[in-house]
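Colleague: I've got the model open in the viewer. Mind if I quiz you on it?

Modeller: Go ahead, ask away.

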Amino acid sequence: MRGAGGYCNAGGVGFGLVVVDDNRSFADCARVHLERQGERVLGVAGTSAEAMQLVAELRPDVVLVDMALGDECGLDLARLLAQPGCAHAPVVILISAYSPLDVVELIAASPAAGFLPKSDLSSDAIRQIVATSGRATAGGHLAGKNH
Amino acid sequence: MVSVLDGFTSAWVRQRPPALRLAAWIVAFLGPALLVLATRLLHWTLVQGGLLDVALVFATLVLVIAIAVAGGIRPALTTVVLYVLARFFLAPPLVYQGVGIGPNSATLACFATAGVAVSLLIAKLADFGAEQAALRRVATLVAHSVPAGQLFAVATEEAGRLVGADYVRMSRYESGELAAVAAWSRTAGQFPASGRWSAVLGFARSFTPARRRVRVADISGTYRPLAEDARAYGIRSAASVPIMATGRTWGVLLTGSTLKRGLPRRTEGRLASFADLLGTAISNAESRASLSRLAEEQMALRRVATLVAGGAPPEAVFTAVTEEAGQLLRVEITSMVRYESDGTSIVVASWGRGAKASVPVGDREPLGGKNLVTIISETSSPARLDHYDGVSGARVERLAQAGFHSAVGAPIMVQGRLWGAVVAASVDQRALSADAEARIRSFTDLVATAVSNAENLAELTASRARVLAAADEARRQIERDLHDGAQQRLVSLTLAVRAAQAAVTPTSGLLGDELASVADGLASVLDDLRELARGIHPSVLSDGGLGPALKTLARRCSVPIKLDVQAIERLPEPVEVAAYYVISEALTNAAKHSNASVVEIGAEIASNHLHLHVLDDGKGGADPALGSGLTGLKDRVEALGGTIAVSSPAGAGTSLDADLPLAA
């Protein structure tokens, strides 16, 4: 995973990502990091409302949602995004600066597909979660209901 | 002469049965005649009758004594006079051979003098004996502590018989009035032992300031009630003495006579003997009663004070006070009201005997009208209504209709302000005792203490809870700042280093390793920082509530945990925080000290309380005084109005039970 090849996108086309985090510097950092690994970061949102709007407009494959969204709660946003009524149902991955041990109970109760500590954010890790969520094709294209 | 003698004999005479008196009179007239006849017979038949004649004179003296004992001084004196006259005129001295051998004039004079003296002496002795006997009978009753009613009845009768009165009435002063307590009349059942008279004016008033005796020869023109008595019963004269008890004028002993010549002179003196005896008896009874009443009051107060000192809920103190005060004052209803800021009073406790009427707890009524609750609210002082005439206000009108007659009440002053009042109402026609206010007052002081304690406790608890909440908020903020600031920066840096790592080429030498080392170092700092932040405030608690937070705790604990937590929704934050720290501290102790193989954690919500239970199977024997960690928990739990208890018998594990109310 540390090898350069490990970061290559097998299908040649990266996931379309939206990062939701109120901490702009981290979001920028994550964008650089993930793009360098071949993913397409379509947009960055700081609030739930922005996130919903971006998701509707950009139809990303994956949404990375920070659990602590300022005064808002990332878990609530994850629930909103996973609602059957949501026009576009991306894979929701919760991210946090907390240790997974501290938040595992919250994640378990959430409809999100998975969790990544912010410090372990990587293309591979995202792909692993997408794969285990049962919605990814071998080529990296999502087999979601809307595709 | 007769009137002087009458002074100490007529009473005694009137005590005798009429038959005996009649017999004495008959003998008084027949006796001298027969004796003189006997003397004449002696003169005719016996030459040597002189000595016998003298003996007859002495026999006459014996007869006089007998008559004096049986019929009093009048027939006795009559006998003496008749005998002397008959003897003088009908039986001249016997002369034998020119020498007088029978009683002569000088002998008769001696006889007359001795007769009068003996009559007087006998009459006086009998009189004195009668008085002593009467007093002794009353004193015996006093010594046997017979009920007051019986004692008074006997005393009036004895006094009446002794002084030869026709009517006797014993009355006592009660709040400015004279009330009859006993009566006697020579003709049975005529004189009522009831009634009340104003003692403010007239006849009876003259007793109050000093110990004076009053005699009225003709009472028809005096004090009105007496004049009415006089007309009704034909009383012509009256004599009266005060009854002094415990240093004050307790009441009056009044005697009346229908005789035209009035009551004997010594009447007041003799009445005074009875009055003294009665006064002593009353004083004793009163001090006995007041002692037992004091003891009773002290016990009642102690019971309430124990409740207050034990920190019983104010409602329990209120209920106890209404009951104890009601029992103590012997009233039928007591109630406690609290004055509300909206100008109403609300009943907070009430007690009743016999359920004639009730004052329901929670009953609310605006202030106003003539009732004690309103009067006390205006004066902040004890008050009384000696009669319910003209009272107004729903509560008091209900009581008046139910036959209540009077009431007394006292304010409850809490730290100088009027908080409420205790009111006792009675169906008794008589006003409540003069010290009733003072007795209620001692209870209201206790109520004030209880209320004050409860208020202070509530304030203290609230302030403790506020301090804790403020501290918790500060910790939450610090944790948040750490998370949003340093932690995020470190995370970003870690990602940047990872990105740099990805850009390392094989030609970069040791750079890759160095970057990896930096990344590891950063991860380690991040872990340390997370640990620190978690200690300051568990973020999972604010984000996910108690359920996830307890699961997190359980997972992190080194001892296996059996978690039995029902689906708990979000609770008030202070409760969540307290519960979290309780469990956290218990788990820390279990892991450190108990050698337990498993710890059970239970949390459930029942009747608006959160119950926490932690039980380990370790060695037990934990300090029951609670370690410093648990002391902090106790403060935290109690600040929320909850309880916490730890039981740790040696060898039987440690169990902790905490109970937190959900609503403040």
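Colleague: Which residue of β17(B) stands opposite B:Gly602?

Modeller: This is a predicted model, so treat the pairing as computed. β16(B) and β17(B) run antiparallel and are joined by eight bridges. Opposite B:Gly602, in β17(B), you find B:His613.

Colleague: And in the hairpin of those strands, which residue takes a positive phi?

Modeller: The hairpin of β16(B) and β17(B) has two residues between the strands. The phi in question is near 40°, and the residue that takes it is B:Ser607.

Colleague: What is the strand order of the open sheet in chain B?

Modeller: There are five strands with mixed pairing. β15(B) pairs with β16(B) in the parallel sense over five bridges, while β17(B) and β19(B) pair in the antiparallel sense over seven. β15 and β18 of chain B have a single partner strand each, so they stand at the edges. The order is β15-β16-β17-β19-β18.

Colleague: In β19(B), what is the bridge partner of B:Leu612?

Modeller: β17 covers residues 609-616 of chain B, and its seven bridges to β19(B) are antiparallel. The bridge partner of B:Leu612 is B:Ala658.

Colleague: Which strand's direction makes about 5° with that of α16(B)?

Modeller: α16(B) packs on the sheet and touches β16, β17, β18 and β19 of chain B. For contrast, helix α15 of chain B lies across β15 and β16, running at about 175° to β15(B). The strand at about 5° to α16(B) is β17(B).

Colleague: Which helix gives the most to the largest nonpolar core?

Modeller: That core has 83 residues, and those touching the most other members are A:Val20, A:Ile93, B:Ala579, B:Val582 and B:Ile583. Leaving aside its neighbours within four places in sequence, B:Ile583 is in contact with B:Leu550, B:Leu553, B:Ile601, B:Leu612 and B:Val614. The top contributor, with ten residues, is helix α16 of chain B.

Colleague: How many residues are in the second, separate core?

Modeller: Its members include B:Val321, B:Val348, B:Leu399 and B:Leu446. The size of this second core is 49 residues.

Colleague: Is α5(B) roughly parallel or roughly antiparallel to α8(B)?

Modeller: The axes of α5(B) and α8(B) come within 10 Å and cross at roughly 10°. Among the contact residues are B:Leu135 and B:Val138 of α5(B), with B:Phe274 and B:Leu277 on α8(B). Angles under 35 degrees count as roughly parallel. That makes α5(B), relative to α8(B), roughly parallel.

Colleague: What about α6(B) against α8(B), roughly parallel or roughly antiparallel?

Modeller: These two pack at an angle of about 170°, with their axes 10 Å apart. The residues of the contact divide into eleven nonpolar, one polar and one charged; B:Ala155 of α6(B) and B:Leu278 of α8(B) are among those making the contact. Angles over 145 degrees count as roughly antiparallel. That makes α6(B), relative to α8(B), roughly antiparallel.

Colleague: Last one: which helix supplies the largest share of the side of chain A that touches chain B?

Modeller: 26 residues of chain A are in contact with 26 residues of chain B. The chain A side divides into 16 nonpolar, five polar and five charged. α1 and α4 of chain A each supply at least two residues of that side. The largest share, seven residues, comes from α1(A).

Methods:
Residues are numbered from 1 along each chain as its sequence is written. Chains are lettered from A and ligands numbered from 1 in the order in which they are written. This is a predicted model: local features need pLDDT of at least 70, side-chain atom pairs count only at pLDDT 80 or more; totals for chains, interfaces and linings use all residues. A nonpolar core is a set of buried Ala, Val, Leu, Ile, Met, Phe, Trp, Tyr and Cys residues joined through C-beta atoms within 7 Å. A residue is buried if 20 or more other C-beta atoms lie within 10 Å of its own, exposed if 12 or fewer, and partly exposed in between; C-beta atoms are placed from the backbone. Helices (H or I, at least four residues) and strands (E, at least two) are DSSP runs, numbered from the N terminus. Two residues are in contact if their C-beta atoms, placed from the backbone, lie within 7 Å. Axes are lines fitted to C-alpha atoms, for helices over the stretch in contact, and angles run from 0 to 180 degrees between N-to-C directions. Angles under 35 degrees count as roughly parallel, over 145 as roughly antiparallel, 65 to 115 as roughly perpendicular and the rest as oblique. Ala, Val, Leu, Ile, Met, Phe, Trp, Tyr, Cys and Pro count as nonpolar, Asp, Glu, Lys and Arg as charged, and the others, Gly among them, as polar. Two strands pair if DSSP finds at least two bridges between them.
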